[in-house]
Amino acid sequence: MAHHGGSDPESEPNTRLYNPYQDLNLQVPINNLYKLPTSPEFLFAEESLHQRRSWGENLTFYTGSAYLGGSVSGAAVGFFSALRNFEQGDTLKLKINRILNSSGHTGRSWGNRIGVVGLIYAGMESGVVAVADRDDVWSSVAAGLATGALCRAARGVRSAAVAGALGGLAAGTVVAGKQVLKRYVPI
């Protein structure tokens, strides 16, 4: 609806603003209709008993966290690589360009690679938890072992076994560290 003139429609005496709730005879104030719950809502009561993220939330969290961590780490490596590759006659503009290009390329590359590892780990952990029907340190260790082995499977059995052991060790260390932080560091 077009309004012509310089005054506000609420201040004009011949206009009335439409209120869609005026004829409903609501016993509840209108403001309370839009208050959203602060705790999660579950379809089934059994879901509320598990204090765990769903597989979709896990997938998003681990993939995003891994991509972010990889991108930041890669950008830092690219930054220092660009600093090492400065030449004698480079202008300030050329140096900045070299830093941005190197940081962006290396950060993107590392982010993609480590993000895929996070994606595989999230799938493995969700699968292990679904099969074992429990979520503990050993589920995370098994997921880390399977992720490491799967990521290096194309390079041979020995490489897959070493990567699996390192993946299981890394996952166990992260989960144990998280437990220690929960217990001894007040938040």
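The buried residues of helix α3 are Asn58, Ala66, Gly70, Ser71, Gly74, Gly78, Ser81 and Ala82. They pack against helix α4. The model is predicted.

**Two helices and their spans**

Helix α3 covers residues 55–84. Helix α4 covers residues 92–132. The table sets out their lengths.

| Helix | Number of residues | Expected span | Distance between end C-alpha atoms |
|---|---|---|---|
| α3 | 30 residues | 44 Å | 43 Å |
| α4 | 41 residues | 60 Å | 58 Å |

For α3, the reach from first to last C-alpha is close to the expected value. For α4, the two values agree, because a rise of 1.5 Å a residue should give 60 Å and the ends lie 58 Å apart.

**Where α4 meets α3**

Two residues of α4 show the packing in detail. Start with Ser102, which sits in helix α4. Is Ser102 buried or exposed? Ser102 counts as buried, because its relative accessibility is 16% and the cut-off for buried is under 20%. Leaving out residues up to four places away in sequence, Ser102 touches Gly78, Ser81 and Ala82. Gly78, Ser81 and Ala82 are among the buried residues of α3.

Thr106 also belongs to α4. Its relative accessible area is 16%, so Thr106 is buried. With residues up to four places away again left out, Thr106 touches Gly74, Val77 and Gly78. Gly74 and Gly78 are listed among the buried residues of α3.

Which atom does the side chain of Thr106 reach? The side chain of Thr106 comes to 2.9 Å from the backbone oxygen of Ser102. In an α-helix there are 3.6 residues a turn, so residues three or four places apart point the same way.

**The far end of α4 and helix α5**

Asp133 follows α4. The phi of Asp133 is positive, near 60°. Helix α5 takes in residues 137–151.

A packed pair of helices is described by the angle and the distance between the axes. For α4 and α5, the axes come within 8 Å and cross at roughly 135°. That angle makes α4 oblique to α5. The crossing is right-handed.

Which residues of α4 meet α5? On the α4 side they are Val117, Ile120, Tyr121, Met124, Glu125, Val128 and Val129. They meet Ser139, Ser140, Ala142, Ala143, Gly144, Ala146, Thr147, Leu150 and Cys151 of α5.

**In brief**

Helix α4 has packing on record with two helices. The buried residues of α3 pack against α4, and α4 crosses α5 obliquely.

Definitions and conventions
Residues are numbered from 1 along each chain as its sequence is written. This is a predicted model: local features need pLDDT of at least 70, side-chain atom pairs count only at pLDDT 80 or more; totals for chains, interfaces and linings use all residues. Side-chain values use heavy atoms; hydrogens and water are left out. Helices (H or I, at least four residues) and strands (E, at least two) are DSSP runs, numbered from the N terminus. Buried means under 20% relative accessible area, exposed over 50%, partly exposed in between (1.4 Å probe, protein chains only). A polar contact is a pair of N or O atoms within 3.5 Å; within protein, one must be able to donate a hydrogen and the other to accept it, and residues adjacent in sequence count only if both atoms are side-chain atoms. Contact means heavy atoms within 4.5 Å. The expected span of a helix is 1.5 Å times one less than its number of residues. Axes are lines fitted to C-alpha atoms, for helices over the stretch in contact, and angles run from 0 to 180 degrees between N-to-C directions. Angles under 35 degrees count as roughly parallel, over 145 as roughly antiparallel, 65 to 115 as roughly perpendicular and the rest as oblique. A crossing is left-handed if the near helix is turned anticlockwise from the far one by less than a right angle, and right-handed if clockwise.
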